[in-house]
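The following exercises concern a predicted model. Each task is followed by a solution that proceeds step by step.

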4 protein chains.
Amino acid sequence: MSEQLRVAIVGSTGYGGVELVRLLASHPQAKVTSVISSSSAGTPFSDGFPHLQHIREELLDDVDPALIRTKADVVFLATPAGVAAKITPAFLQAGLKVIDLSGDYRLKSPALYEEWYKKPAAEEPYLSEAVFGLAEIYGERVKGAALISNPGCYPTATLLGLVPAIKAGFIDPASIIIDAKSGVSGAGRGVSLGTHYSELNENFKAYKLNQHQHIPEIEMVLSDVAEKPVVTTFSTHLVPMTRGIMSTMYANIVGERTTEQFIASYKEFYADRQFVRIRPAGLLPATKEVWGSNYCDIGFAVDTRTNRVTIVSVIDNLVKGAAGQAIQNMNLMMGWDESLGLQFVPAYP
Amino acid sequence: MSEQLRVAIVGSTGYGGVELVRLLASHPQAKVTSVISSSSAGTPFSDGFPHLQHIREELLDDVDPALIRTKADVVFLATPAGVAAKITPAFLQAGLKVIDLSGDYRLKSPALYEEWYKKPAAEEPYLSEAVFGLAEIYGERVKGAALISNPGCYPTATLLGLVPAIKAGFIDPASIIIDAKSGVSGAGRGVSLGTHYSELNENFKAYKLNQHQHIPEIEMVLSDVAEKPVVTTFSTHLVPMTRGIMSTMYANIVGERTTEQFIASYKEFYADRQFVRIRPAGLLPATKEVWGSNYCDIGFAVDTRTNRVTIVSVIDNLVKGAAGQAIQNMNLMMGWDESLGLQFVPAYP
Amino acid sequence: MSEQLRVAIVGSTGYGGVELVRLLASHPQAKVTSVISSSSAGTPFSDGFPHLQHIREELLDDVDPALIRTKADVVFLATPAGVAAKITPAFLQAGLKVIDLSGDYRLKSPALYEEWYKKPAAEEPYLSEAVFGLAEIYGERVKGAALISNPGCYPTATLLGLVPAIKAGFIDPASIIIDAKSGVSGAGRGVSLGTHYSELNENFKAYKLNQHQHIPEIEMVLSDVAEKPVVTTFSTHLVPMTRGIMSTMYANIVGERTTEQFIASYKEFYADRQFVRIRPAGLLPATKEVWGSNYCDIGFAVDTRTNRVTIVSVIDNLVKGAAGQAIQNMNLMMGWDESLGLQFVPAYP
Amino acid sequence: MSEQLRVAIVGSTGYGGVELVRLLASHPQAKVTSVISSSSAGTPFSDGFPHLQHIREELLDDVDPALIRTKADVVFLATPAGVAAKITPAFLQAGLKVIDLSGDYRLKSPALYEEWYKKPAAEEPYLSEAVFGLAEIYGERVKGAALISNPGCYPTATLLGLVPAIKAGFIDPASIIIDAKSGVSGAGRGVSLGTHYSELNENFKAYKLNQHQHIPEIEMVLSDVAEKPVVTTFSTHLVPMTRGIMSTMYANIVGERTTEQFIASYKEFYADRQFVRIRPAGLLPATKEVWGSNYCDIGFAVDTRTNRVTIVSVIDNLVKGAAGQAIQNMNLMMGWDESLGLQFVPAYP
């Protein structure tokens, strides 16, 4: 290929941004040409990240759409909630494509956003134009879009685990209960007592029961797929590890279905997708089996005593749950194979 | 007090046995007079446990009921499944009181035991005579009993979290879903690839969905309390930490109940019990908040959107889930205050 | 005993303070009557520490020596560097005995303190009067003292491992190299990127090489024991765990000495002390073997090829390295057995 | 490029073998054509490694040099000590190039091998022909060789940290003390109580002081570089993490040297090498800064008080300490750029 896509990253000093840098370093058709941080502009990128010494020594750029347009074609926004809503219009107007990793463009209802995020919603027409980039479900819409809203980490693991069963009519959407667990990197790089090492090590805790801002995002897609309003019970827990999300999901089965039927149905649903792997009966995925990779692995256990199914779905929250899926969306936007530059083997052990 | 109760421990080389030694070391009215291991008899106890150097230097005894009767009044069995069923009769006939930490005397139905444990069930009349020592629920029956069956770790956390709501008629027993998580010490001291450090560190995995041998034990008590047969969905997960269990439990609410009503009801139910602590609304317990102690901490979140309650219950699996509750049962058997020698402050951080 | 010693703790919201509360809860002759925090005075103690729910529900007191004198006989200061120097005189003048867990009274030279701590040194005559409470070495001086300076965590592990060899003339003090490793709780409860969970988990790092403020404290005692000035090479590392310190120490042997001779010499040196345990030849201590206890375990490896000895010493940094040794000093001050209320079996696993 | 180098891996069920598979998956000029395990031949590779589902589904081959020669050009041996010595001659005779990751061909003296490994040494002429593949030091000899002995993990971190200082005459080789720490994956995939999760988590321990089989390998190279016999003090410790080695090294400085002089000297020494990164003064590397990559990062602290230098060197033990360096050697053997397929950005956090 003659030319590479030029990529800028805003929010390069958080975990999402630095993971984009790691993954894009081996992308065959894209290269990072600008790393941007409003808080650290003008300082060397590797100052805050010694692991990038010799790899990315350039100075951090400031948030300046006109300047960035001269250096890049696509910009990833890996910024805290509320920032993308403010800066996206200028990037789009400058002619850049935008992939937003935050929650700012995920909820189509401004009221819902403001209720769950406690911030002003993004403005129209951008909010309506943004495509929700859950690649395996809405990949067709991503192609050619100018503004992609990259899904949250919990929604990605959860929705990939639930959508096929709902589409197949195997489960009752009203009965869904989601018990999700995440490694600590999902909380970001900002320090707090809640993410202080001595408080979390050798500890397991529940948080934000029924209050997590990913709930409306999950319900938006479930309702879309079920073609009727779906509300869910959604719990989040913090695991003493850095990376990985597991969603353990429970639902009442409609009629009678075996584990093998679930497996067959999901294999068919994801037949053309490279990043979803369905475990054989009797095996359930563990988070480490996707560590560092863009895979989502899914397993099933049907309980005939209760006629419920338990679905277990795992991802690396920083890859498939953030930077990896964002690159997958970039590939789709560009009309490339979605797996380009993303075929990492999980790091094990 | 003039004399101390003399205590023997069979299975002193596993985690349950060695935790009994730790806890009993500070009991004011009991002392360990014999530590027993059939596999290591005749070798110094501290050979396998350098942390007991200078503390317990004696040689391990063999399993010999007549000899042990000369040294002890009560014997704790911290042995693998199937062992207690074989050796308990001889201990009882020798005049010892027995507290069994294994599953051998928990299930009253021999058929159920053999289905879930794949071993021959314990014999009568011992099986019928054994009292299920979930102290906060069946404490009255423990007083004066000669054979106590100490509950499993998952059932302890789960049942203490569910029983009051069922008794109060707040939840529908048929709707209960239990998502349980445990530290790795629950798997014992026997080595396997599944508990190999490099496989579990920075990993979170599900196992034995709907197949864990603690399921019939949980359903036995739930059915007893609900006064009708109850079946549940029960999932177990392994957390990369050593100690701690969390049961996250879901149920449909009967009528309308607030979080505050659950709290008030549980506080009343456990008003006389020292080891159950109910969190105020908005707070959920973390496993580290009970680390090394005999507490079971419980919190609630009612979701009005789905009319479900989420109940979170945590224990230290080796204390309230094993050795601590066994000592609590010993206290009750002897007619003592149940908290004698057990008032440890959790180790934090 | 008719009456209990009344104890106050300043700095109850840090790890040292909260560990004092845990350990003193089972002390037979002392009870905590006031927990003090200037930053959180007036709020319930258990607000910041849910693990203390039902155990310590009282409100936090302010730092008020006159008031505290009405409630307590002894005050522990578990405060950041610089605080004890300011508040100790008032406590002493009010008639309280003071045990300071910070570095403020450890260095007898004000200039040295100011060089290493970058703060004003404590004033005379208090600085001179303060007894350095390394109990196994200076225990005699502690008896009856009014102001005790409790040693640092690294110095405790290091000095207990080195002093006997120097006193015996077995090693050349000029050759000592100390490679120390600590769990993260040693950094305290204050949040920072350096103690952020995702940064430290699955990571091992060196810090403050030759610059740690515990260096002059170590050299002060080594020089005292060697009866000549001793300078050392001292490295500190952070281990991804919460509690535990290991000092691995290297020195050139004077003459020829076997591992067994080191062991015999140390056993004799610590013959009357309950908290130092010497490992037999071929065994080296691990930090978990003292977890939660006041023990310091020491092992040796003599290398005849290089004629050097390697000495490995481990403690729990929050117990023998802080709160436990402080209570040991309280016991000595009061003329009690030094192990009173401190005979915890290490928590294992 | 028209054709890819065909690679076989013996010992594919250990951590070294499976890491070769991960790294080679993205090599542009080599592809794995056979994965071999004598113990599991005929079973699907991904049976033991669910993370390889959909990635490497083929059956494991048996150890059959003639068959393997039809499928491969180069064979990596990631086998336990003693195996490579037996099977290497047949592979070489079949016309394959061999890169051995075990210790079997590292020590040129059979007597030394038998003393430290307690097994029969490899036979001549193979032992003499094998090139010790410490790429940054002996890379020239690797080019064109048929049999490479890949260095051990500890020697790699240690020697890269010491060789330039010895060559420059900056330190006294007789004074070297090496305090090394490793993540648990270095102990391999074989289960034992010593690598049981509950025993190692929240634990730090020393092992094999002065007895590790990597000592003669380190001294062989140090003596070669110093041009006189060098003996060292070498300690190993186990860190509760999966990957990463740190060697903290101490030596007496010859004359006077500043930290900056060490840095300048090392930068010059490694000027042409891509995988060694020298930290600026005041910064020391942490193991996570090289996690998953082939980098070795080195930092320095000169202490003018003792005239000693402390050198800190970190690697990922499974990459630069095993599979990564083996691929680097393959690249050199083939006359390719040594970094081909190895330019991974460290995974952070």
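**Exercise 1.** Identify the kind of side-chain interaction formed by A:Glu219 and B:Arg305, and place it within the interface of chain B and chain A.

*Solution.* Step 1. The side chains of A:Glu219 and B:Arg305 form a salt bridge, with an N to O distance of 2.5 Å. This lies inside the cut-off of 4 Å that the rule applies between a Lys or Arg nitrogen and a carboxyl oxygen of Asp or Glu.

Step 2. Across the interface of chain B and chain A, the rule finds four salt bridges.

Step 3. Polar contacts between chain B and chain A amount to 38 residue pairs, both members being at pLDDT 80 or more.

**Exercise 2.** Determine how many residues are in contact between chain B and chain A, and what area is buried between them.

*Solution.* Step 1. The contact involves 48 residues of chain B and 48 residues of chain A.

Step 2. About 3,900 Å² is buried between the two chains, and carbon and sulfur atoms give 53% of this area.

Step 3. Within chain B, the residues that lose the most area to chain A are B:Glu202, B:Phe204 and B:Arg305; together they account for 18% of what that side buries. B:Arg305 is also the partner of A:Glu219 in the salt bridge of Exercise 1.

**Exercise 3.** Describe the setting of the position that UniProt annotates as "active site" in chain A. Is this residue buried or exposed?

*Solution.* Step 1. The annotation, from an unreviewed UniProt entry, falls on A:Cys153.

Step 2. A:Cys153 belongs to helix α8 of chain A, which spans residues 153-167.

Step 3. The relative accessible area of A:Cys153 is 13%. Because the limit for a buried residue is under 20%, A:Cys153 counts as buried.

Step 4. Beyond residues up to four places away in sequence, A:Cys153 touches A:His214, A:Ile245, A:Ile315, A:Asn317 and A:Gly321.

**Exercise 4.** Establish where C:His27 lies, and which backbone atoms lie at its side chain.

*Solution.* Step 1. C:His27 is found in the loop between α1 (15-24) and β2 (30-36) of chain C.

Step 2. With a relative accessibility of 5%, C:His27 is classed as buried.

Step 3. A polar atom of the C:His27 side chain lies 3.0 Å from the backbone nitrogen of C:Gln29. For the backbone oxygen of C:Leu340, the distance to a polar atom of the C:His27 side chain is 3.2 Å.

Step 4. Leaving aside neighbours within four places in sequence, the residues in contact with C:His27 include C:Gln4, C:Trp336 and C:Leu340.

Methods
Residues numbered from 1 in each chain as written. Chains lettered and ligands numbered in written order. Predicted model: local features only at pLDDT ≥ 70, side-chain atom pairs only at ≥ 80, totals over all residues. Heavy atoms only, no water. UniProt positions renumbered as here; feature names shortened; annotations may be inferred. Helix = DSSP H or I, 4+ residues; strand = E, 2+ residues; numbered from the N terminus. Buried < 20%, exposed > 50% of the residue type's maximum accessible area, 1.4 Å probe, protein only. Contact = heavy atoms within 4.5 Å. Buried area = accessible area lost by both parts, 1.4 Å probe. Polar contact = N/O pair within 3.5 Å; in protein donor to acceptor, adjacent residues only side chain to side chain.
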